[in-house]
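Please examine the sequence and the three-dimensional structure shown below before reading further. The paragraphs that follow lead from contacts between charged side chains to the surface and then to a sheet.

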Amino acid sequence: MGYINRKKTNSIKWDWYEWNKHLFMEKDILPMWVADMDFEAPEEVIHALKERMEHGVYGYTFEPVDLKDNIINWLKYKHNWEIKKDWLLSMHGVIPALNFSIQLYTNPGDNILVQTPVYPPFMSSVKNNNRKLLINELKLENNHYEIDFDDFERKAKEAKMFILCSPHNPIGRVWKKNELEKMAEICLKNDVLIVSDEIHADLTFKNFKHIPIASISEEVSNNTITLMAPSKTFNIAGFHYAFAIIKNVELRNKFKNWIKQSGLFLHNIAGLVAANAAYKYGKNWLIETMEYIEENYKFVREYFEKNIPEVGVIKSEGTFLVWLDFRKLNLSQDELKDLLEKKAKIGLNNGITFGTNGEGFMRMNIATSRENVMEACKRIENVIKGE
């Protein structure tokens, strides 16, 4: 893969000290945290951006006429999901779209169901919009997370909305069809709207397949708002382009009206160009990238099993994020953070930020060079062994 040194590029991941000096305890941290890649974007994306930038005029711009067609073709190719063009609404990011959905389809004080451990903005978006969190804790069994459906059904009776993470960040689960069907059935039974964050949909390992929950049935599709983006897939997160897929006309019109009212109907030139080229030409790049990432995951799993068996590597089925279980060290979360940052000098995402059942865990980003992954593993091994 085309690993790129990103230092001194205002990278949040690599130049974090200039962005937030209080993020980690030591300046010379090896950053293995924020969810973007250290790989060069697809060549066709770079070419398309250069060509557009060389034009020299960057005025108000509408979407490329074939952008939505390219998205539709991608979803058919990658997920065997057929959608219509008018279901697609362009957005400036999945998290803004998540917040808009909360504001549009629920009221202050409503209960919103999420499954932890989960990407922190799921919880903060609920709280920041004065809604109440209902937590369905995922169960870790035999180094693999499962859904507690009894608890899910109890909580769904009180919920107005369910925010699904699929594939799930940080645990790397790619939900099976029967799991998605059961969650969808419970939501339909209890009139719970599904908002499905599927930003990692394209990043599954070889023997796993992502299934968009809205593709399960007509009824589920009409009860689901799907949020997607090319950002994680093609490493173009800095362009802030995403889209919502909403089949239900009433729900879609409500979202479209909000876009008009908020004035967010125009998009960044570079984001549109990059997204269009990525969905049109990015197939081979993604295949190669995911092969490399899966090999990185296998390396981490085997290295820990052999050299640091007291730290568990949770079984993953996709994404470029690895969920590490340090609970056998019997350290408090602050002690664990201190050990990794001050002594090992490695920057991971703090597990407690993903929910209370993230205590004792850390999240590691492996979308980087094999050398960085190896160095991170060695640093963790050395500090645990006291070397």
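In this predicted model, a suitable place to begin is the salt bridge that K189 forms with E153, in which the closest N and O atoms are 3.3 Å apart. The two partners belong to distant parts of the chain, for K189 lies in helix 7 (residues 177–189) and E153 in helix 6 (residues 149–156), with their positions 36 residues apart in the sequence. How accessible are these two residues? K189 counts as exposed because its relative accessibility is 62%, and the limit for that class is over 50%. E153, with a relative accessible area of 27%, is partly exposed, since this class covers the range between under 20% and over 50%.

This contact belongs to a wider set, as a search of the whole structure finds 22 salt bridges. Another of them joins the side chains of R173 and E179, with a distance of 2.7 Å from N to O. Are the residues of this pair buried or exposed? Both R173 and E179 are buried.

A further salt bridge links E381 with K385, and here the closest N and O atoms are 2.7 Å apart. E381 has a relative accessible area of 10% and is therefore buried, because buried means under 20%. K385, at 43% relative accessibility, counts as partly exposed. Salt bridges may also share partners, and in this way R6, K13, D36 and D38 are joined into one network.

Attention now turns to charges on the surface. Which residues gather in a patch of positive charge there? The patch consists of K7, K8, K21 and K27. One of these residues, K8, is located in the segment before helix 1 (16–19). With a relative accessible area of 80%, K8 is exposed, because the limit for that class is over 50%.

The surface also carries a patch of another kind. Y60, F265 and L266 form a nonpolar patch, and together they have about 420 Å² of accessible area. Within this group, L266 is found in the loop that runs between helix 10 (249–262) and helix 11 (269–281). L266 counts as partly exposed because its relative accessibility is 40%.

A separate pair of residues shows how positions far apart in sequence can be compared in space. E63 and I269 are 206 residues apart in sequence, while their C-alpha atoms are 8.4 Å apart in space. E63 is placed in the loop between helix 2 (43–53) and helix 3 (67–79). Its relative accessible area of 21% makes E63 partly exposed.

The final element to consider is a sheet. In general, the strands of a sheet pair through backbone hydrogen bonds, in either a parallel or an antiparallel arrangement. Which order do the four strands of the open sheet follow here? The order is 11-12-15-14, and the pairing is antiparallel. Strand 11 (312–313) and strand 14 (349–350) are the edge strands, each of which pairs on one side only. Strand 14 meets strand 15 (residues 361–365) in the antiparallel sense, over two bridges. Where these strands face each other, N349 stands opposite R363 in strand 15.

Technical notes:
Residues numbered from 1 in each chain as written. Predicted model: local features only at pLDDT ≥ 70, side-chain atom pairs only at ≥ 80, totals over all residues. Heavy atoms only, no water. Pairing = 2+ DSSP bridges. Patch = residues over 30% accessible without salt bridge, like charges linked within 9 Å, V, L, I, M, F, W, Y side chains within 5 Å. Areas by Shrake-Rupley, 256 points an atom, 1.4 Å probe, with all protein chains shown as cover. Salt bridge = Lys/Arg side-chain N within 4 Å of Asp/Glu carboxyl O. Lys, Arg positive; Asp, Glu negative; His and termini not counted. Charge placed at Lys NZ, Arg CZ, Asp CG, Glu CD. Buried < 20%, exposed > 50% of the residue type's maximum accessible area, 1.4 Å probe, protein only.
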